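Visitor: I would like to learn how to read a model like this one, going from single residues to sheets and empty spaces. Could you take me through it step by step?

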Amino acid sequence: MSEQLWLDAANTVVRAGMIPLPVTETMIQLLQTMMTPVQASFLPHFDGPMNMGQLKTKTGWEEPALTLMLEGLMDNGIVTGTRSKGSGTLVYRLMGPFPGMFEFTMMRGETGEKQKKLARLFDRMFDELAGMVRSNYDSIVPAFRAFPPVARVVPMRSEIDTSKGAVLPADEVNRIVAKFDTIAVTTCYCRHEKELLGEPCAVTSSKENCLMFGKIAQFAMEHRFARPISKDDAFRILRESEEEGLVHKAFHVNLDPDREEEAICNCCKCCCGTFQMYYKGAAPLHNFASYLAVVDDDACSSCGACEEKCPMEAIDISSGTAVVNAEKCIGCGVCAAQCAMDAIRLESTGPRTVFVPPAKK
């Protein structure tokens with residue numbers, strides 16, 4: 001009975017997520033580290049976003065007991081609770097393993113034995129996914145196309161070629177931040193996990209630079225995952241992130257780029273979960289983008305800075321000038337910011353999806 005309880009919980013968590021992670025002993029251990037058996041037995045009641053009334057009907061529980069259970073799950077980053085804009089009703093959502101539980105379990109920057117164990121288990125879980133993908137590459141990788149891109153790359157504003165037309169508000173990080181009155185900052189969960197694994201970031205020592213907005217920011221602050229900051233603080237964090245060569249990635253409500261942003265992460269190749277899953281061979285790199293790096297051959301000195309810094313390894317200088325692989329370029333602007341000769345600029349492509357399969361190993 002106990003084994004089935006954890007299997008049911010794991011299958012429910014996977015269904016709630018965006019990535020078809022295999023239910024393995026590692027995932028079972030992960031859930032057992034994060035929650036109690038009673039909490040695990042509650043998870044299968046979720047079949048999508050649910051309000052208190054729906055949960056009362058589904059479980060047969062009274063509101064005080066439900067509230068106690070949900071508060072515990074929210075404090076552990078297993079469930080989120082945000083208010084609907086129209087009615088103000090509190091809506092509860094079960095998190096998937098990644099994105100979801102991974103981020104919230106690492107967000108507080110805690111360094112105890114439990115957090116170190118979780119970091120090891122998440123890392124092993126991603127390795128297991130990579131093994132499954134390698135073993136079933138021809139069937140699994142095309143299936144990933146059916147899943148929505150996890151994030152949208154927002155370019156560095158200073159690197160956009162504005163001669164090609166106006167910059168859309170959604171492509172200007174400061175204008176995204178300016179829309180929100182509720183802003184929070186939290187620890188970069190990806191860098192923190194890497195530190196717990198003994199692999200500190202090679203790009204920056206900054207960790208408190210993930211921004212959250214609106215309802216999800218309010219939830220994160222109420223449950224001590226993040227702290228409130230001003231718009232000026234957020235602008236400073238974005239500016240410093242650009243100076244360090246980090247990539248702005250915007251996350252939207254329900255992963256829908258037509259809906260408002262929930263968060264902006266400032267990502268590096270060596271730690272970012274989506275980059276790492278791609279380089280591990282566990283998943284494609286799947287992002288929304290709107291820009292493409294373009295090289296001025298006459299100005300290029302073939303110094304190699306762009307090739308070295310590109311987080312997608314999309315630039316090759318072996319021919320004597322930098323050549324951009326348009327199918328891999330996510331339009332982040334890191335290459336242009338690193339170019340001492342100003343030989344690279346970002347040009348608008350309009351909204352596009354970048355889907356780069358992992359290497360077939």
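Guide: Let us begin with one residue, keeping in mind that this is a predicted model. S290 lies in strand 10, which covers residues 285-295.

Visitor: Is S290 buried or exposed?

Guide: The way to decide is to compare the relative accessible area with a cut-off, and buried means under 20%. S290 has a relative accessible area of 11%, so S290 is buried.

Visitor: Which residues is S290 in contact with, once its neighbours within four places in sequence are left aside?

Guide: S290 is in contact with D171, E347, S348, T349, G350 and P351. For one of these, T349, the separation can be given both ways: S290 and T349 are 59 residues apart along the chain, while their C-alpha atoms are separated by 5.4 Å.

Visitor: May we repeat the exercise with a residue in a helix? I have picked H192, which lies in helix 10.

Guide: H192 has a relative accessibility of 1%, and because buried means under 20%, H192 counts as buried. Not counting residues up to four places away in sequence, H192 touches M106, G109, E110, T111, T187 and K207. With E110 there is a further detail to look at, since the side chain of H192 reaches the backbone oxygen of E110 at 2.7 Å.

Visitor: Now for sheets: in what order do the three strands of the open sheet stand?

Guide: The order is 1-3-2, and the pairing is antiparallel. Strand 1 (50-51) and strand 2 stand at the edges with a single partner strand each, so one side of each of them has no neighbour in the sheet. Between strand 2 and strand 3 the antiparallel pairing runs over five bridges, and one bridge can be followed from T80 to its partner R93 in strand 3.

Visitor: How does one look for empty space in a model?

Guide: Rolling a probe the size of a water molecule over the atoms shows where empty space is left. In this structure the largest pocket has a volume of about 1000 Å³. Its lining has 42 residues, of which R93, M95, P99, N254 and E262 are the closest to the centre of the pocket. Among the elements that give two or more residues to this lining are helix 1 (2-16), strand 2 (79-83), strand 3 (90-94) and helix 11 (214-222). By character, the lining of the largest pocket divides into 22 nonpolar, 11 polar and nine charged residues.

Visitor: And how many cavities of 30 Å³ or more are there?

Guide: The count comes to five cavities of that volume or more, and the largest cavity has a volume of about 180 Å³. Of the 16 residues that line the largest cavity, I19, V150, A283, P284 and H286 are the closest to its centre. Helix 13 (273-280) and strand 10 are the elements that give two or more residues to this lining, which divides into 12 nonpolar, four polar and no charged residues.

Visitor: What volume does the second largest cavity have, and which residues are the closest to its centre?

Guide: About 130 Å³ of space lies in the second largest cavity, and of the 18 residues that line this cavity, Y189, C190, C265, C272 and G273 are the closest to its centre. Helix 10 (189-196), strand 9 and helix 13 each give two or more residues to the lining. Here the residues divide into 13 nonpolar, three polar and two charged.

Definitions and conventions: Residues numbered from 1 in each chain as written. Predicted model: local features only at pLDDT ≥ 70, side-chain atom pairs only at ≥ 80, totals over all residues. Heavy atoms only, no water. Helix = DSSP H or I, 4+ residues; strand = E, 2+ residues; numbered from the N terminus. Buried < 20%, exposed > 50% of the residue type's maximum accessible area, 1.4 Å probe, protein only. Contact = heavy atoms within 4.5 Å. 1 Å grid on protein atoms, 1.4 Å probe; cavity = no way out; pocket = protein on both sides within 12 Å on 5 of 7 lines; lining within 4 Å. Points joined across faces, edges and corners; volume = space filled by probe spheres on them. Nonpolar A, V, L, I, M, F, W, Y, C, P; charged D, E, K, R; others polar. Pairing = 2+ DSSP bridges. Polar contact = N/O pair within 3.5 Å; in protein donor to acceptor, adjacent residues only side chain to side chain.
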